[in-house]
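Work through the exercises below with the coordinates open. Each task is followed by a stepwise solution.

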Amino acid sequence: MKKESLTNIGGAATIQTASGHHGEVRGINLSRRSSQFEGRFGRMFRTLPPAEFDKEMLDDLGDAMTAEAEDDPTPETAATPDDEENIGTKRDPGISAGYTYLGQFIDHDLTFDPASSLERENDPDGLVDYRTPRFDLDCLYGRGPDDQPYLYRNDGKHMLLGDKLKGTNSDSGARGLPRNKPDDNEPARALIGDPRNDENVIVSQLQAAMIRFHNRVLDEKVDSFSDAQRFVRWHYQWVVLYDFLPTIIGRDTFSEILPHYAKGHKSNVVKDPPRLKFYKVKGNAPYMPIEFSVAAYRFGHSMIRPLYRINGSTERLPVFSNRRKEESLVGFRPTPENLAIDWRLFFDMGNNPPRVGKKRVQPAYKIDTSLVNPLGRMPKSVGANFPSLAQRNLLRGWRMQLPSGQDVARAMGVTPIPDDRLKIGKANHDGIKENEPLVSRNAKFKDNAPLWFYILAEAQQQFRKNDAPIRLGEVGGRIVGEVFVGLMMEDSNSFLRQNPLFRPQLPFKGKDFKMADLLTWATKLKLNGRD
Ligand code: HEM
């Protein structure tokens, strides 16, 4: 029986709901029929020369960017937040920890370079992006029920979930990811669209929540797989565009790129088209710029906290622990059954502070030139034989021949930040006084900062005192914003292209539909469930 028609979604344009009618949603079968399932990498600033470094100076910088281990990182019961945290004011709230993992999830939807060998010099034009450069949730759907039936229930529509998880009263339906059951000591790998979405306990439960979203849409809203997929994709795209993006790049840069937004959804992208100055699509095929995938969009690595509280009934756990893997949040293994996520500790669900004992929503760490200590010693399952994430990012940027941050700034018409203000370390009171300038570390960095470092240092310039969130700056914000909007505008199946009048069809509490609303509906979250 048809539950709800998607016709007139958004009030004007219509979409047929009958299965198979009015065009099959792209993506399901794309891989087998079209070479476009895999995207291309390319360059945004093709004419700029590559920045020149050597391995030693980058290894040394990576070390310096990796913070000392914290003895007791910010208890969430603290009355005042720690100054590592990206907090703001009541009117201008900071960035909560859920956005870090939503950011990682989005990354895995857009870009995957499995050939990320650090030994080779990489030519972006020769590289294949194993994800489509579109917000089409290929990390969730894989290549669809025909091609990857092991991701789907027998009906070929609903998606499979894993074991039940416990630990929070807010979500009695919490489930882990489906996994294979291998012999002996072989790892029980998650059966999901992108293996990286099992990298840690948080992103794997975000993946499970998206599966539950898809399944609930099928149970209550539409009948066919393709309608459910479109429903899920468009709501997710809405969240990416109007919640995640302004949270990360700030409302000013966001409104410059999407001028219709300042008119409060009264306008749309057809009446007021996006203003993209630097992300130009070559020959009508969108590409994944390495300035984004190897530098700007890796900003999220600096937002990772060393410890997280997953729910009200477990202690805080470290992101990695090389000694006691089972007592960490590392993934690529069945999620421990007491680690059901209480999403109220990750997103502001509108009843902040959440009623989870005295615990509060955990903020992300600041976007700055400092990564927490565990990221300097990633376990083999994540980092292979190369345990420092900062060093990996810096070496990748060099091998991929990225231009310097200063050259990119100039090409964007932005005066580069002077060398003495590009500093290594945390954006907090002590850091402002004591952080070492990049050029003091090595004179070869004079007017020659690695692009990833520059974008983090640029964000850090916003720090005055702990009363404003730190978002990406002019260069980083423009690259991330333009690539997001450009990719969505180039995707002929996105809501911006098919129906710019689309509005979310699910209940939401605030002024706009956000990730918190999507999760609340997808998981039937009990906002006042006490633990
Ligand atoms: C605990 C969380 C995370 C871990 C352990 C992690 C780890 C990694 C590792 C090991 C790589 C491969 C690096 C290389 O060899 O080049 C990588 C790539 C990447 N990461 Fe993360 N990451 C995390 C979260 C994030 C977040 C929050 C973001 C952004 C918001 C992000 C963005 C990226 C991007 C854009 C790439 C390149 C992807 C590609 O093109 O293949 N990551 N990450």
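The exercises cover the fold, the core, the iron site and the cavities.

This is a predicted model, in which local features need pLDDT of at least 70, side-chain atom pairs count only at pLDDT 80 or more, and totals for chains, interfaces and linings use all residues. Residues are numbered from 1 along each chain as its sequence is written, and side-chain values use heavy atoms, with hydrogens and water left out.

**Exercise 1. Describe the chain as a whole.**

Step 1. Count the elements. The chain has 17 helices and 7 strands (DSSP runs: H or I of at least four residues, E of at least two, numbered from the N terminus).

Step 2. Check burial. Of the 531 residues, 61% are buried (under 20% relative accessible area, 1.4 Å probe, protein chains only).

Step 3. Check contact range. Among contacts (heavy atoms within 4.5 Å) with a separation of 6 or more, 74% join residues 24 or more positions apart.

**Exercise 2. Find the hubs of the largest nonpolar core.**

Step 1. Define the set. A nonpolar core joins buried Ala, Val, Leu, Ile, Met, Phe, Trp, Tyr and Cys residues through side-chain atoms within 4.5 Å.

Step 2. Rank the members. Ile479 and Phe484 touch the most other members among the 147 residues. Helix α6 (residues 225–249) contributes the most to this core, with 15 residues.

Step 3. List partners of Phe484. Leaving out residues up to four places away in sequence, they are Ile106, Leu110, Phe135, Val240, Phe244, Leu245, Phe292 and Tyr297.

**Exercise 3. Identify the protein donor of the iron atom.**

Step 1. Search for N, O and S atoms within 2.8 Å of the metal (3.2 Å for Na, K and Ca); water is not among the atoms, so sites may look incomplete.

Step 2. Read off the hit. NE2 of His301, at 2.2 Å, is the only protein donor of the ligand's iron atom.

Step 3. Place His301. It lies in the loop between α8 and β4 (307–308).

**Exercise 4. Compare the linings of two cavities.**

Step 1. Search the whole structure. There are 6 cavities of 30 Å³ or more (sets of points on a 1 Å grid over the protein atoms alone where a 1.4 Å probe fits but cannot get out; lining residues have an atom within 4 Å of a point).

Step 2. Take the largest, about 80 Å³. Of its 15 lining residues, Gly397, Trp398, Leu402, Pro450 and Leu451 are the closest to its centre. Helix α10 gives the most to this lining, with 4 residues.

Step 3. Take the second largest, about 60 Å³. Its lining includes Glu70, Glu84, Lys366, Asp368 and Lys426.

Step 4. Set out the classes. The largest cavity's lining has 12 nonpolar, 3 polar and no charged residues. The second largest has 4 nonpolar, 2 polar and 5 charged. Here Ala, Val, Leu, Ile, Met, Phe, Trp, Tyr, Cys and Pro count as nonpolar, Asp, Glu, Lys and Arg as charged, and the others, Gly among them, as polar. Volumes are the space filled by probe spheres set on the points, which are joined across faces, edges and corners.

Notes:
On a 1 Å grid over the protein atoms alone, a cavity is a set of points where a 1.4 Å probe fits but cannot get out, and a pocket is an open set with protein on both sides within 12 Å along at least five of seven lines; lining residues have an atom within 4 Å of a point. Buried means under 20% relative accessible area, exposed over 50%, partly exposed in between (1.4 Å probe, protein chains only).
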